[in-house]
Amino acid sequence: MSKMENSTGAPEIGQGKRGEDGHIGYLLQQAAGVFRLRMARALADLDVTPPQFAVLTMLSAYPGLSNAELARLALLTPQTLSVIVANLLRSSAVVRHAHPVHGRILNLELSDAGRQLLARCRDRVHAIEAELVAETPPDDIGAVRRWLVRVARQGGGTLEEG
């Protein structure tokens with residue numbers, strides 16, 4: 001067995017098509033998957049999932065969003081968001097208020113408990129992010145951020161549009 005392969009014959013992360021010779025899309029997916037797994041592990045004892053963290057983060061930044069707006073910002077399908085919001089309402093992390101003009105629209109906001117929970121989650125996620133960029137020059141981090149935003153803008157749609 002070569003140094004590039006594990007016991008199944010598949011290359012290790014960073015080797016072959018899982019390394020610099022891999023397709024950009026695959027490498028993005030691989031990195032996102034590893035980051036998501038690390039987040040899930042870091043937040044597990046708080047009973048928060050990575051999608052719930054995204055929802056809490058977006059509600060903190062943009063209070064008063066509707067479910068539809070929140071689904072777009074958190075990169076979730078409306079169906080997934082509905083389940084997440086139901087769980088966050090049940091745990092008292094978020095509250096609903098009637099829209100001031102459109103009574104049928106319900107806006108979401110973090111509760112005090114939700115803000116406290118998000119602060120605990122942020123500490124853990126920020127620690128993971130700091131590890132990711134620990135040995136990366138600030139100019140390179142800026143370039144990666146600009147590239148990622150450019151890639152997202154090129155997508156030209158949202159998850160619910162398919």
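How many residues does helix 2 have, and how far does helix 2 reach from its first C-alpha to its last? In this predicted model, helix 2 spans residues 50-61, which makes 12 residues, and its end-to-end C-alpha reach is 17 Å. That value is close to the 16 Å expected at 1.5 Å a residue.

Much of the interest in helix 2 lies in its buried side. The buried residues are Pro50, Pro51, Gln52, Phe53, Val55, Leu56, Thr57 and Leu59. Their cover is drawn from several elements, including helix 1, helix 3 (67-73), helix 4 (78-90) and helix 5 (112-132). Strand 1 (94-98) and strand 2 (106-110) also take part in covering these residues.

Gln52 offers a handy close-up of helix 2. Gln52 counts as buried because its relative accessibility is 9%, below the 20% cut-off. Leaving aside residues up to four places away in sequence, Gln52 touches Asp47, Ile84, Asn87 and Leu88.

Attention now turns to open space in the model. Rolling a probe the size of a water molecule over the atoms reveals where empty space remains. The second largest pocket has a volume of about 170 Å³. Its lining consists of Ile13, Gly14, Arg18, Gly19, Glu20, Ile24, Leu27, Leu28, Gln30, Ala31 and Trp147. Helix 1 (residues 24-43) supplies the largest share of this lining, with 5 residues. Sorted by class, the lining of the second largest pocket comprises 6 nonpolar, 3 polar and 2 charged residues. Helix 1 thus appears in both parts of this account: among the elements that cover the buried residues of helix 2, and as the main contributor to the lining of the second largest pocket.

Definitions and conventions:
Residues are numbered from 1 along each chain as its sequence is written. This is a predicted model: local features need pLDDT of at least 70, side-chain atom pairs count only at pLDDT 80 or more; totals for chains, interfaces and linings use all residues. Side-chain values use heavy atoms; hydrogens and water are left out. On a 1 Å grid over the protein atoms alone, a cavity is a set of points where a 1.4 Å probe fits but cannot get out, and a pocket is an open set with protein on both sides within 12 Å along at least five of seven lines; lining residues have an atom within 4 Å of a point. Grid points are joined across faces, edges and corners, and a volume is the space filled by probe spheres set on the points. Helices (H or I, at least four residues) and strands (E, at least two) are DSSP runs, numbered from the N terminus. Ala, Val, Leu, Ile, Met, Phe, Trp, Tyr, Cys and Pro count as nonpolar, Asp, Glu, Lys and Arg as charged, and the others, Gly among them, as polar. The expected span of a helix is 1.5 Å times one less than its number of residues. Buried means under 20% relative accessible area, exposed over 50%, partly exposed in between (1.4 Å probe, protein chains only). Contact means heavy atoms within 4.5 Å.
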